[in-house]
Amino acid sequence: MGAGHAHKLYRHASSPVHGLPPHCKIAAVFCFVLVVVATPREAVWAFGLYALLLAAVTAVARIPAGLVLRRLLIEVPFVAFALLMPFVARGERVDVLGLSLSVEGLWGAWNILAKGTLGVAASVLLASTTELRALLLGLERLRMPSLLVQIASFMIRYGDVVTDEMRRMRIARESRGFTARGTRDWGVLAKSAGALFIRSYERGERVHLAMVSRGYAGAMPVIDEVTASRAQWARAAVLPLAALAVCLTGWVIA
Amino acid sequence: MHVPDGFIDAPVSLATGAVAAAAVAVSLRGARREHGGTSHASSYGGERTAPLAGLVAAFVFAAQMLNFPVAAGTSGHLLGGALAAILVGPATGVLCISVVLLMQGVLFADGGLTALGVNISDMAVVTTVVSYALFRLLVKALPRRRPSVTVAAFVAALVSVPAAACAFTLIYALGGTTDVPIGKVFTAMVGVHVLIGLGEAAITALTVGAVMAVRPDLVHGARGLARPLELRNADGTVLQPQVSTAAPRSNRRIMTVGLVAALALAGFVSYYASTSPDGLEKVAHDKGIDSKEREHAVKDSPLADYQVKDVDDERISGGLAGVIGVGATLAAGTGVFVVVRRRRDRAETAASDRIEAV
């Protein structure tokens with residue numbers, strides 16, 4: 001609490017990437033990831049080129065490489081899954097260091113690791129160069145239903161409030177000598193979760209009444225209309241188009 | 001588990017994306033109805049949806065961070081699909097979980113952007129719909145007491161998690177990028193998720209119980225369980241209550257639940273039913289001599305593998321056939337029902353006209 005409400009993922013800077021309208025960036029990242037997923041996995045060099053493209057974007061956006069690499073750690077659970085692949089997949093077998101591994105499984109593991117990592121890196125770049133509010137505005141500009149955008153914005157706005165509420169409940173429990181040790185303590189924790197739900201829901205009711213009393217009728221007023229010029233779209237399209245070129249080359253060669 | 005990019009191939013990702021978008025669109029309408037409380041919800045009360053669903057999404061997001069210790073340093077956490085469905089209704093539940101998944105994907109890179117459709121379809125839609133359908137069925141079937149709500153919540157959450165695992169296996173069978181035997185994926189996924197489901201079930205049941213104890217009116221799935229109001233004269237005789245106008249609504253709800261249950265049975269149970277060894281062997285015999293299969297089989301790998309693969313396809317097609325069958329039956333039945341009801345309505349209006357004329 002008291003740490004301000006800028007989300008920790010956003011990294012403020014002024015760069016060409018930060019300056020692009022949010023909906024251009026979201027569309028570009030989505031198309032890029034789609035192109036990456038559609039690339040044949042045998043074209044190993046293509047994934048290297050994709051990584052170079054993302055590295056170039058990182059450099060242009062003045063985001064420290066270490067930051068991106070650290071946030072890549074979120075995909076560790078999938079790495080574990082990918083490492084299982086060579087053992088369970090069927091087909092031709094090959095001996096590596098005395099282990100019998102499936103060739104198909106090795107390709108599968110590579111496929112998931114490469115595409116998953118590139119996808120995570122692209123999302124991380126998007127989140128660290130775009131403000132939360134701008135992201136939501138961008139999603140709305142991309143014709144996501146406005147009700148969904150509103151729900152998402154309420155979730156983001158009150159996420160910290162509800163999390164803090166939960167933290168205060170934990171402190172209250174602990175200051176009364178409670179430590180959760182095993183399944184026997186689940187009743188207490190579940191009561192906290194129930195209380196948290198009731199508090200969140202009632203807060204929602206109060207927020208709604210406060211909004212209605214200020215003239216809310218189901219739609220949020222648009223204060224700043226974000227528009228993108230043709231030049232901005234063109235600049236945002238550089239990344240997916242370059243990736244598309246790589247992908248097509250990969251299909252032609254493979 | 002959030003599916004990353006590259007796990008499912010591009011065409012199936014796009015297809016599940018379309019499924020997820022359709023489900024979210026349906027839920028957007030449904031959520032307005034759940035919060036509006038009237039059939040004219042789009043004009044009245046529908047505007048409550050955004051703040052309430054937003055706060056519930058924030059709650060789900062926070063509750064996923066609440067650690068439940070299991071033993072020896074391991075701990076689990078809530079997934080929240082079943083809980084959201086029971087507490088705020090299936091449509092709002094789908095919206096909340098979808099928004100949580102969307103934000104996790106876009107902000108925290110947890111779950112791939114192209115896999116968003118897969119994630120929403122199996123974690124938001126399947127979990128919520130299966131758990132809510134089961135919960136309502138059980139609540140209707142069990143005696144009207146508070147413990148039955150807890151029991152229903154337990155079973156609903158317990159089934160919903162492996163159901164999501166089944167849905168994932170189905171998606172993987174259609175568009176998985178690695179040729180892992182579907183049988184193995186299925187056993188591993190369902191095995192692990194039955195365990196996770198047990199934890200989820202315990203937490204969900206306890207949490208629903210806690211909310212029921214304080215604000216039973218907030219538990220959407222348990223609405224209508226309260227005893228209806230009884231009017232008594234001064235001498236204690238019970239007055240006959242007015243015929244409630246809400247009957248058609250609850251009818252429709254029961255029908256929805258029945259439909260979902262029928263589809264689930266047709267899709268999933270036929271899927272399970274034919275996994276019994278007998279059916280497996282039989283179909284393997286029938287299909288093993290297929291010329292196309294033999295052509296594959298001579299390639300490099302034991303024949304058995306391809307037979308199993310073929311059977312897998314059979315099972316899925318069995319499930320799909322069941323779903324299509326239910327759909328066709330339902331369409332025919334609905335047609336008959338609509339015709340009959342329209343005729344009855346016409347007769348009734350004619351009768352009332354006559355009365356007015358008198």
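**Exercise 1. The make-up of chain B**

Work out how many helices and strands chain B holds, and in what order they run.

*Solution.* Start with the count: chain B of this predicted model has 11 helices and 2 strands. Next, read the elements from the N terminus on: α-α-β-β-α-α-α-α-α-α-α-α-α. Then turn to burial, where 44% of the 358 residues of chain B count as buried. Finally, look at the contacts in chain B with a separation of 6 or more: residues 24 or more positions apart account for 70% of them.

**Exercise 2. One alanine in chain B**

Decide whether B:Ala58 is buried or exposed, and find which residues it contacts beyond its sequence neighbours.

*Solution.* First place the residue: B:Ala58 sits in helix H2 of chain B, residues 49-63. Now apply the cut-off, by which 20 or more other C-beta atoms within 10 Å make a residue buried. B:Ala58 has 28 C-beta neighbours inside 10 Å, so B:Ala58 counts as buried. Then list its contacts, leaving aside neighbours within four places in sequence: A:Met155, A:Tyr158, A:Gly159, A:Val162 and A:Ser200. For a distance check, B:Ala31 is 27 residues from B:Ala58 in sequence, and their C-alpha atoms are 17 Å apart in space.

**Exercise 3. From A:Met155 to the core**

Which residues does A:Met155 touch, not counting those up to four places away in sequence? Place A:Met155 in the largest nonpolar core as well.

*Solution.* Take the contacts to begin with: A:Met155 touches B:Gly54, B:Ala57, B:Ala58, B:Phe61, B:Val99 and B:Met103. Now move to the largest nonpolar core, which has 154 residues. The residues with the most contacts inside this core are A:Ile151, A:Met155, B:Ala57, B:Ile86 and B:Val99. Its largest share, 18 residues, comes from helix H6 of chain B, residues 146-175.

**Exercise 4. The chain A side of the contact**

Describe the side of chain A that touches chain B by its helices and by its residue classes.

*Solution.* Begin with the totals: the contact takes 73 residues from chain A and 64 residues from chain B. Next come the helices of chain A that each supply at least two residues to this side: H2 (22-38), H5 (76-88), H6 (103-129), H8 (146-175) and H9 (186-212). H9(A) gives the largest share, 18 residues. Sorting the chain A side by class gives 46 nonpolar, 18 polar and 9 charged residues.

**Exercise 5. A helix pair in chain A**

How are H3(A) and H10(A) oriented, and which residues meet between them?

*Solution.* Take the geometry as step one: helix H3 (residues 44-60) and helix H10 (residues 230-253) of chain A pack at an angle of about 170°, with their axes 10 Å apart. An angle over 145 degrees counts as roughly antiparallel, and therefore H3(A) is roughly antiparallel to H10(A). For step two, A:Ala46, A:Leu49, A:Tyr50, A:Leu53 and A:Val57 from H3(A) meet A:Leu239, A:Ala242, A:Ala243, A:Val246, A:Cys247 and A:Gly250 from H10(A). Their classes come to 10 nonpolar, 1 polar and no charged.

**Exercise 6. Two arginines with positive phi**

Find where A:Arg62 and A:Arg143 lie, and classify the exposure of each.

*Solution.* Some background first: most residues other than glycine have a negative phi. A:Arg62 has a positive phi of about 55° and lies in the loop between H3 and helix H4 (65-71) of chain A. A:Arg62 counts as partly exposed because it has 14 C-beta neighbours inside 10 Å. A:Arg143 has a positive phi of about 70° and belongs to the loop between helix H7 (132-141) and H8 of chain A. A:Arg143 has 8 C-beta neighbours inside 10 Å, so A:Arg143 counts as exposed.

Notes:
Residues numbered from 1 in each chain as written. Chains lettered and ligands numbered in written order. Predicted model: local features only at pLDDT ≥ 70, side-chain atom pairs only at ≥ 80, totals over all residues. Axes fitted to C-alpha atoms, helices over the stretch in contact; angles between N-to-C directions. Helix = DSSP H or I, 4+ residues; strand = E, 2+ residues; numbered from the N terminus. Parallel < 35°, antiparallel > 145°, perpendicular 65-115°, else oblique. Contact = placed C-beta atoms within 7 Å. Nonpolar A, V, L, I, M, F, W, Y, C, P; charged D, E, K, R; others polar. Buried ≥ 20, exposed ≤ 12 C-beta atoms within 10 Å, placed from the backbone. Core = buried A, V, L, I, M, F, W, Y, C linked by C-beta atoms within 7 Å.
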